[in-house]
Amino acid sequence: MKLSRTARRRLFTLARYMIFFTASAFIVTCCILLFLRYMELDEETVRRNAPATFFNIIFLSLIFTAIYEIYRKFTVERPVKRILKAAEQITAGDFSVRIEPLYGDDSINEFDTIIAGFNKMAEELSGIETLRTDFIANVSHELKTPLAVMQNYGMLLQLPELSDEQRMEYAKAITNASRRLAELITNILRLNKLENQQIFLFSEKYDLGEQLIECLLSFENELDKKELELRTDIENGIIINADPELLSLVWNNLLSNAIKFTPEKGTISVSLRQDGKYALVHVQDTGCGMSPEVGAHIFEKFYQGDTSHASKGNGLGLALVKRVIDITRSEISVESEPGKGSIFCVKIQL
């Protein structure tokens, strides 16, 4: 018959009591025998006092056992129960649980050291869980938006009385929504790969100016569509040793953001120059800009400080840029002012 956990715990406690009691009785007995050995007592006196001595030994052993168990209960069992209870709450998904120190933050007690480590672990798990929950919620929201657009316009296309002009307009809306959905999924996959896999850089020497010009040419249609003025100041012959595929993600996302957030007939400036052992790339726009509070969070996943511009992006582009910058051991900074645009500066070692 298999015993329950409570029954096994009680048997273990009883066995511990018996072991400690037996050890205490043995020690007390040895001490008394050693004491009596050097005393001049006749045999009759020893026989007469033997029962009392035996019961005294039993009594003293019980007292020692009780003192030990009380000490153990307050110094070991209670802290262990608090830690186990908090661990069960963590297992159940409650990452807000914290354990109060037994003797204060400055204590050198081993249990306080364990509790401090447990609280730190719980805090880290809480942060990770918050990020995971927010990530899932934001991904779900971002996926639903283009899917809802595609579904609504798809239903409208089924109406028989639509004109050819309306059909083209609805089909264009579906195409734009599907493109946005594809871009979102691509960025999620790229960011997941960059964050969760070891990246092996395929560095090679190439002309950074030529790469920037190629990226600018790929946005020619978007620039013409919004009638944006493009100003370039790209220094020739700047050769870097880097992974061109990863850095192309940086330029594409920075230019895409600049175009998205710059109103029609605005200005976008791209410059490249050498500063000592570094290449400096500046991407400037005359868009909506942002406050310092927003600028401090723009490299976080799905962060969109200005909800009025939320439809223009999904908040993953700059997170992807920051991850690539970290991988390539480069630097990125931003200067911005609401209503006056932003300037992104990328610093790459030659």
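Helix α7 passes helix α9 in a left-handed crossing. A crossing is called left-handed if the near helix is turned anticlockwise from the far one by less than a right angle, and right-handed if clockwise. Colleagues, I begin with this pair of helices and then turn to their surroundings.

The model is predicted, so local features need pLDDT of at least 70 and side-chain atom pairs count only at pLDDT 80 or more, while totals for chains, interfaces and linings use all residues. Residues are numbered from 1 along each chain as its sequence is written, and side-chain values use heavy atoms, with hydrogens and water left out.

The protein chain contains nine helices and seven strands. Helices (H or I, at least four residues) and strands (E, at least two) are DSSP runs, numbered from the N terminus. Of the chain's 350 residues, 31% count as buried. Buried means under 20% relative accessible area, exposed means over 50%, and partly exposed lies in between, for a 1.4 Å probe and protein chains only.

Let us return to α7 and α9. Their axes come within 9 Å and cross at roughly 150°. Axes here are lines fitted to C-alpha atoms, for helices over the stretch in contact, with angles from 0 to 180 degrees between N-to-C directions. From α7, the contact draws on Leu 246, Leu 247, Leu 249, Val 250, Asn 253, Leu 254 and Asn 257. From α9 come Gly 317, Leu 318, Leu 320, Val 321, Val 324, Ile 325 and Ile 327. Contact means heavy atoms within 4.5 Å. By residue class, this contact has eleven nonpolar, three polar and no charged residues. Ala, Val, Leu, Ile, Met, Phe, Trp, Tyr, Cys and Pro count as nonpolar, Asp, Glu, Lys and Arg as charged, and the others, Gly among them, as polar.

Is α9 mostly covered or mostly uncovered? It is mostly covered, with eight of its eleven residues buried. Among those buried residues are Ala 319, Val 321 and Ile 327.

Helix α7 also packs against α5, at an angle of about 45° and with the axes 10 Å apart. The two helices are therefore oblique to each other. Angles under 35 degrees count as roughly parallel, over 145 as roughly antiparallel, 65 to 115 as roughly perpendicular and the rest as oblique. Here α5 passes α7 in a right-handed crossing. Leu 208, Gln 211, Leu 212, Cys 215, Leu 216 and Ser 218 of α5 meet residues of α7 that include Pro 244, Leu 247 and Trp 251. This contact divides into eight nonpolar, four polar and no charged residues.

We now come to the core. The largest nonpolar core has 39 residues, and those with the most contacts inside it are Leu 208, Ile 240, Val 250, Trp 251 and Val 346. A nonpolar core is a set of buried Ala, Val, Leu, Ile, Met, Phe, Trp, Tyr and Cys residues joined through side-chain atoms within 4.5 Å. Elements that each supply at least two residues of this core include α5 (208-218), α7 (244-260), α9 (317-327) and β7 (341-349). Which element gives the most to this core? It is α7, with nine residues.

Leaving aside neighbours within four places in sequence, Val 346 is in contact with nearby chain segments through residues including Val 250, Trp 251, Leu 280 and Ile 325. Another core lies apart from the one just described and has ten residues, among them Ile 90 and Phe 118.

Finally, I consider some loops. Arg 329, which follows α9, has a positive phi near 60°. It lies in the loop between α9 and β6 and, at 75% relative accessibility, counts as exposed. Ser 330 is in the loop between α9 and β6 (331-337), yet Ser 330 is buried, with a relative accessible area of 11%. Its C-alpha is 6.8 Å from that of Gln 349, although the two are 19 residues apart in sequence.

Two other residues have positive phi. Glu 227, with phi near 55°, lies in the loop between α6 (220-225) and β2 (229-234) and is partly exposed at 48% relative accessible area. Lys 265, with phi of about 65°, lies in the loop between α7 and β4 and counts as exposed at 63%.
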